[in-house]
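Reader: Hello! I have a structure open in my viewer, and I would like a close look at a single part of it and how that part fits with its surroundings. Could you take me through it?

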Amino acid sequence: MSTSFDYGTGRRKTAIARTRLYPGSGQIEVNGRPMDQYFPRKTLQMIVRQPLALTKLAEQYDIKVNVCGGGISGQAEAVRLGISRALLQADPALRGVLKHAGFLTRDARKKERKKYGLAAARARYQYSKR
């Protein structure tokens with residue numbers, strides 16, 4: 001594996017993915033394990049591969065990802081954003097395709113904090129009139 005790589009960071013909820021793209025044959029490694037081992041569900045594997053399938057570059061890059069925090073679904077979406085940003089760094093001409101598909105947009109939704117005096121973030125305690 002060569003030493004030159006393109007880098008992209010992806011975040012989703014509390015998950016952070018640091019992604020490196022190397023010229024290669026299409027292997028994806030997440031936290032030192034093959035992607036299909038780390039993300040066992042087919043839907044999560046599909047989410048991770050979406051930018052590569054869209055740009056038809058799946059067989060041209062080896063991808064190494066370090067991901068931490070959050071749950072498995074948030075991690076998969078963070079990896080997708082990281083791969084998209086790394087692809088953009090590798091080839092700026094892909095910007096229109098990736099942007100149109102929504103892969104360059106950071107999903108800003110997070111869990112809302114619980115407020116004092118309430119049962120949850122917005123849910124109130126049950127009110128009894130009598």
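What follows is a walk along one helix, then outwards to the core, the sheet and the loops around it.

Reader: Please take helix α2 (42-55). Which residues of α2 are buried, and what do they pack against?

Author: Happy to! One thing to keep in mind from the start is that this is a predicted model.

Let us begin with the helix itself. With 14 residues at 1.5 Å each, α2 should span 20 Å, and its end C-alpha atoms are indeed 20 Å apart, so the two values agree. Even so, α2 has a kink of about 50° at Arg49, shortly before the proline Pro51. That proline is itself one of the buried residues of the helix, which are Leu44, Gln45, Ile47, Val48, Pro51, Leu52 and Thr55. As for what they pack against, the partners are β3, α1, β5, α3 and α4 (95-101).

Val48 is a good residue to centre your view on. Leaving aside residues up to four places away in sequence, Val48 touches Ile28, Met35, Phe39, Ala76, Val79 and Ile83. Two of these contacts, Phe39 and Val79, appear together with Val48 among the residues that have the most contacts inside the largest nonpolar core. The others in that group are Val30, Ile63 and Leu87, and the core as a whole has 28 residues. Helix α2 is one of several elements that each supply at least two residues of the core; the others are β2 (15-23), β3 (28-30), α1 (35-38), β5 (61-68) and α3 (72-90). The largest share, 7 residues, comes from α3. As a general background, nonpolar side chains in soluble globular proteins tend to be buried together.

Now for α1, one of the elements that the buried residues of α2 pack against. Tyr38 sits in this helix, and its relative accessibility of 16% is why Tyr38 counts as buried, the cut-off being under 20%. Tyr38 touches Val30, Asn31, Arg33, Val67, Ile72 and Gln75, again without counting residues up to four places away in sequence. Between Tyr38 and Ile83 there are 16 Å from C-alpha to C-alpha, and the two are 45 residues apart in sequence.

Two of the strands that α2 packs against, β3 and β5, belong to an open sheet of 5 strands with mixed pairing, in the order β1-β2-β5-β3-β4. At its edges are β1 (6-12) and β4 (33-34), each of which pairs on one side only. Helix α3 packs on this sheet, where it touches β1, β2 and β5, and the direction of α3 makes about 150° with that of β1.

Let us follow the strand pairs from the β4 edge. Strands β3 and β4 run antiparallel and are joined by 2 bridges, and here Val30 has Arg33 as its bridge partner in β4. Both of these residues are also contacts of Tyr38. Further along, β2 and β5 pair in the antiparallel sense over 8 bridges, with Arg20 opposite Lys64 in β5. Arg20 of β2 is also the bridge partner of Tyr7. At the other edge, 7 bridges join β1 to β2, which run antiparallel, and Gly8 has Thr19 as its bridge partner in β2.

To finish, return to the end of α2. Just after the helix, Lys56 takes a positive phi of about 60°, although Lys56 is not a glycine. This lysine lies in the loop between α2 and β5. Is Lys56 buried or exposed? With a relative accessible area of 69%, above the 50% cut-off, Lys56 is exposed. The hairpin formed by β1 and β2, with 2 residues between the strands, offers another example: Lys13 in the turn has a positive phi of about 55°, and Lys13 is not a glycine either. With a relative accessible area of 45%, Lys13 is partly exposed.

Notes: Residues numbered from 1 in each chain as written. Predicted model: local features only at pLDDT ≥ 70, side-chain atom pairs only at ≥ 80, totals over all residues. Heavy atoms only, no water. Core = buried A, V, L, I, M, F, W, Y, C linked by side-chain atoms within 4.5 Å. Buried < 20%, exposed > 50% of the residue type's maximum accessible area, 1.4 Å probe, protein only. Helix = DSSP H or I, 4+ residues; strand = E, 2+ residues; numbered from the N terminus. Contact = heavy atoms within 4.5 Å. Pairing = 2+ DSSP bridges. Axes fitted to C-alpha atoms, helices over the stretch in contact; angles between N-to-C directions. Expected span 1.5 Å × (residues − 1). Bend = angle between axes of the 7 residues up to and from the residue.
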